[in-house]
2 protein chains.
Amino acid sequence: MHTKEKILEESLELFAINGYEGTSMTKIADKVGIKKSSLYAHYKSKEVLFVEVAKEMVDQNVEFVRRSLDEQAPDVKTVLYKSFKTHIHDMATDDASIQFYNRFMQNPPNGLGGELTASVEKSEKQARGLLENVIAKGQASKEVTADLDATSIAHMYFCLIEGLANETTVYTLEEVERHAESVWVIFWRGVKI
Amino acid sequence: MHTKEKILEESLELFAINGYEGTSMTKIADKVGIKKSSLYAHYKSKEVLFVEVAKEMVDQNVEFVRRSLDEQAPDVKTVLYKSFKTHIHDMATDDASIQFYNRFMQNPPNGLGGELTASVEKSEKQARGLLENVIAKGQASKEVTADLDATSIAHMYFCLIEGLANETTVYTLEEVERHAESVWVIFWRGVKI
DNA sequence: GTCTATACGGCGATAGAC
DNA sequence: GTCTATCGCCGTATAGAC
């Protein structure tokens with residue numbers, strides 16, 4: 001019922017913060033407000049629960065990128081800039097979904113990496129596809145250089161976001177946002193006509 | 001003696017691959033070729049052992065950046081490009097030190113993050129300083145634009161490297177190196193005069 | 001579906017013989 | 001310094017009453 005979803009929600013947060021081995025079924029049960037053994041009525045093992053959460057996050061990643069792209073923005077530069085800022089902001093403000101995604105796409109739990117890699121690769125391709133469209137539009141409207149192909153530029157874009165995501169552990173929100181600002185300037189300098 | 005160093009070496013690899021909670025003292029002992037209890041003659045706890053490894057990695061990070069900068073290269077563009085390629089290559093070829101660094105700087109074990117953040121921040125600052133010098137030289141020789149400050153450019157550089165590091169789990173060596181190549185082109189386009 | 005009780009193994013860590 | 005033996009605890013997971 002409603003409990004099953006709550007388990008997903010709460011374990012998402014715990015996995016994101018404490019990792020897979022660092023999150024016990026007892027801690028999840030405590031956070032949900034039930035006993036450990038009751039979890040097994042909804043998910044037959046910890047691995048199954050984790051994979052369920054992970055699959056949701058992979059799907060959500062594409063949706064997140066889609067929503068970050070503002071269709072109403074006046075030009076491609078603004079679309080990209082707004083999307084960039086949205087990503088950075090949500091990362092830096094401890095959004096559990098994004099932390100989960102960043103954490104486990106880079107270092108999946110021991111046996112479960114293989115089970116996820118395929119779907120991650122697919123979702124990253126989709127997300128990159130959305131950006132490629134925007135960039136291609138910018139090339140058509142002479143905002144973005146045609147010397148580079150849209151795929152490479154989209155790749156660079158995600159590379160920057162992931163690089164900045166890594167900083168969130170060490171640096172403060174303000175520092176990351178300031179870094180993001182200068183990173184953006186160089187990026188745009190690199191891709192504009 | 002020689003055992004104490006071997007413990008550091010072997011646990012470095014295990015921590016890098018399986019994480020902190022995913023690495024047991026038994027597994028470390030097995031890899032070293034001794035019994036678990038013998039480890040405690042060298043390091044009084046798992047936490048102490050981990051912190052010891054982590055501190056070495058933090059120091060090594062600065063040295064790694066220093067060595068990647070070729071003093072003999074003809075111009076600043078070449079210095080940066082060679083350094084960039086060295087980083088990518090070592091990451092992609094499963095260098096345990098770099099994997100350890102990337103993994104735990106982003107997601108330190110639960111109680112030990114605070115103990116490391118300060119020294120990480122310091123070492124990253126030193127490493128960035130080395131790059132800033134190179135970039136400032138490039139600005140003086142009119143290779144690199146003076147519209148951007150050297151700190152921002154150095155920051156961008158590390159951001160790209162970390163972003164590419166994240167890919168190594170999902171993509172193959174060839175793919176990452178190909179991505180790195182186009183990332184470099186955009187980067188240089190963004191910072192050259 | 002949730003509970004209590006329990007099984008069983010692996011964990012980090014210590015004691016003490018050699 | 002390394003071993004065997006052992007401690008106490010907590011991990012995942014199951015059985016069975018309600």
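This passage describes salt bridges in a predicted model, with attention to those that join helices H1 and H2 within chains A and B.

Over all chains, the structure holds 10 salt bridges. One of them, in chain A, pairs Lys31(A) with Glu10(A), whose closest N and O atoms lie 2.9 Å apart. This pair links distant parts of the chain, since Lys31(A) belongs to helix H2 (residues 25–32) of chain A and Glu10(A) to helix H1 (residues 2–18) of chain A, with their positions 21 residues apart in sequence. Glu10(A) is classed as buried because its relative accessibility, 13%, is under the 20% cut-off, whereas Lys31(A), at 34%, counts as partly exposed. Glu13(A) also takes part, in that Glu10(A), Glu13(A) and Lys31(A) are linked in a network of salt bridges.

In chain B, a salt bridge is formed between Glu10(B) and Lys31(B), with the closest N and O atoms 2.9 Å apart. Glu10(B) is placed in helix H1 (residues 2–18) of chain B and Lys31(B) in helix H2 (residues 25–32) of chain B, so the contact ties together parts that are 21 residues apart in sequence. The relative accessible area of Glu10(B) is 12%, and this residue is therefore buried, while Lys31(B), with a value of 33%, is partly exposed.

Lys31(B) also forms a salt bridge with Glu13(B), for which the closest N and O atoms are 3.2 Å apart. Because Glu13(B) lies in helix H1 of chain B and Lys31(B) in helix H2 of chain B, this pair ties together parts 18 residues apart in sequence. Glu13(B) counts as partly exposed, at 35% relative accessibility.

Terms used:
Residues numbered from 1 in each chain as written. Chains lettered and ligands numbered in written order. Predicted model: local features only at pLDDT ≥ 70, side-chain atom pairs only at ≥ 80, totals over all residues. Heavy atoms only, no water. Salt bridge = Lys/Arg side-chain N within 4 Å of Asp/Glu carboxyl O. Helix = DSSP H or I, 4+ residues; strand = E, 2+ residues; numbered from the N terminus. Buried < 20%, exposed > 50% of the residue type's maximum accessible area, 1.4 Å probe, protein only.
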